[in-house]
Amino acid sequence: MQPRITVIIPAYNMETTVEKSIRSVLGQTYKDFELILIDDGSTDATPAILDAFPPIDGRVRVIHQKNKGLSESRNVGVKNARGEYLSWLDADDWMEENALEKMIGAIDETGAEMALCNYVNIDLAGKRERRYPEAENTVVTGREALNYLLIRKITQALWANVAKTAFYRTFTFPAGKPFEDVYTSYHLYEQAKKVALVYDSELLGRLVRPDSISHVRKIAQRVASCTAYLTRQEDLSARIPETEPVFVRANFASLLLELRVAVFRDTRAAFSAHRGEIRKICRYFRARRKMALPDAGWQAKLEYFFLTSGSRIGFY
């Protein structure tokens, strides 16, 4: 019998956290789901931990593969999903016991094709931060949700969503590229007519690690992040031109300043190794200065000129 929801947990060397993630799914109040666990060639105890679950719960399927990276793990998960809807969970995060019930309930009540939930970020010291300050649930159009994504009002991450599995089968995750969720999550909102935003409770716990790729302040990671965002926007601009000024105005400061911080903290050799990519990123924003600063004075324009020069001196 086809399950209503497929939950997928990709894991690579996550022996200290993955069992908690799995048990959080198996403990859901909503039971009409299957759980696919993907071992991406782990070299620690992760494979044994995953294999211990099928005898306990028949809804669990384990897939072992050679190490191919997160994108390929996601592609394998989508290929094997049997549920009408699909949900992700990182192997160091966890679901509250009513997470699936609340999200599929919001979908059923509103007629939406996907739901996005509120969650809490928790650092290694135990400090908690609620992601969305809003406390009321609401429904927006897919186009509104896409604009929210562009201005970072909702997360790029896939694990906060429950969405139609059919949506995922219209694209593939880019092999070998970090920030695969930036490259792909916007396709979900493009296809959805309605999106349910479940803000009234924190349904996921997200462990924030200082060594995660989204927090590392190295030039290589910041260049990869900027490249993902610009590649996404180039695709959107070709089909929905009006999204470009929305994206540029909302993102030029954060992307350029994150890159600037990495230039300060990383080495000259790292800057030289990525000089061409940095110049490409800076040229993109320099050509769109009027979008970024429509009413700016001369001082802001001058600062923008140096920041988008693509040179080490300009960043300083």
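The following exchange goes through a predicted model, from its overall dimensions to single residues and salt bridges.

Guide: This is a predicted model, in which local features need pLDDT of at least 70 and side-chain atom pairs count only at pLDDT 80 or more, while totals for chains, interfaces and linings use all residues. Residues are numbered from 1 along each chain as its sequence is written, and side-chain values use heavy atoms, with hydrogens and water left out.

Visitor: What radius of gyration does the protein have, and how does that value stand to the globule rule?
Guide: The protein has 15 helices and ten strands, where helices (H or I, at least four residues) and strands (E, at least two) are DSSP runs numbered from the N terminus. The radius of gyration is taken over C-alpha atoms, and the globule rule is 2.2 Å times the number of residues to the power 0.38. For 316 residues that rule gives 20 Å, so the protein, being close to this, is as compact as a globular protein of that length, with a radius of gyration of 20 Å.

Visitor: What share of the residues of the protein count as buried?
Guide: Buried means under 20% relative accessible area, exposed over 50% and partly exposed in between, with a 1.4 Å probe and protein chains only. Of the 316 residues, the share that counts as buried is 51%.

Visitor: Among contacts between residues at least 6 apart in sequence, what percentage join residues at least 24 apart?
Guide: Contact here means heavy atoms within 4.5 Å. Among the contacts between residues at least 6 apart in sequence, the part that joins residues at least 24 apart is 78%.

Visitor: Which backbone oxygen lies 2.8 Å from a polar atom of the side chain of Ser71?
Guide: Ser71 lies in helix α3, residues 70-80, and is buried, with a relative accessible area of 4%. Not counting residues up to four places away in sequence, Ser71 touches Phe173, Pro174, Ala175, Lys177 and Glu180. The backbone oxygen that lies 2.8 Å from a polar atom of the Ser71 side chain belongs to one of these residues, Pro174.

Visitor: Which side chain joins that of Asp39 in a polar contact?
Guide: Asp39 is found in strand β2, residues 33-40, and is buried yet has no salt bridge, the nearest side chain of opposite charge being Lys68, 12 Å away. In that statement Lys and Arg count as positive and Asp and Glu as negative, with His and the chain ends not counted, and a salt bridge is a side-chain nitrogen of Lys or Arg within 4 Å of a carboxyl oxygen of Asp or Glu. A polar contact is a pair of N or O atoms within 3.5 Å; within protein, one must be able to donate a hydrogen and the other to accept it, and residues adjacent in sequence count only if both atoms are side-chain atoms. At 2.8 Å, the side chain that joins Asp39 in such a contact is that of Ser42.

Visitor: What is the relative accessible area of Ala115?
Guide: Ala115 lies in strand β6, residues 114-123. Leaving aside neighbours within four places in sequence, Ala115 is in contact with Met103, Ile107, Ala160, Asn161, Val162, Ala196 and Val198. Ala115 is buried, and the relative accessible area is 0%.

Visitor: How many residues apart in sequence are the parts that Lys102 and Asp200 tie together?
Guide: The side chains of Lys102 and Asp200 meet in a salt bridge at 2.9 Å, N to O. Lys102 lies in helix α4 (residues 99-110) and Asp200 in strand β10 (residues 194-208), so the separation of the parts that the pair ties together is 98 residues.

Visitor: Is Glu244, which forms a salt bridge with Arg288, buried or partly exposed?
Guide: The closest N and O atoms of Glu244 and Arg288 are 3.0 Å apart. Glu244 lies in helix α10 (residues 243-265) and Arg288 in the loop between α12 (275-286) and α13 (289-292), so the pair ties together parts that are 44 residues apart in sequence. Arg288 is partly exposed, with a relative accessible area of 22%, whereas Glu244, at 14% relative accessibility, counts as buried.
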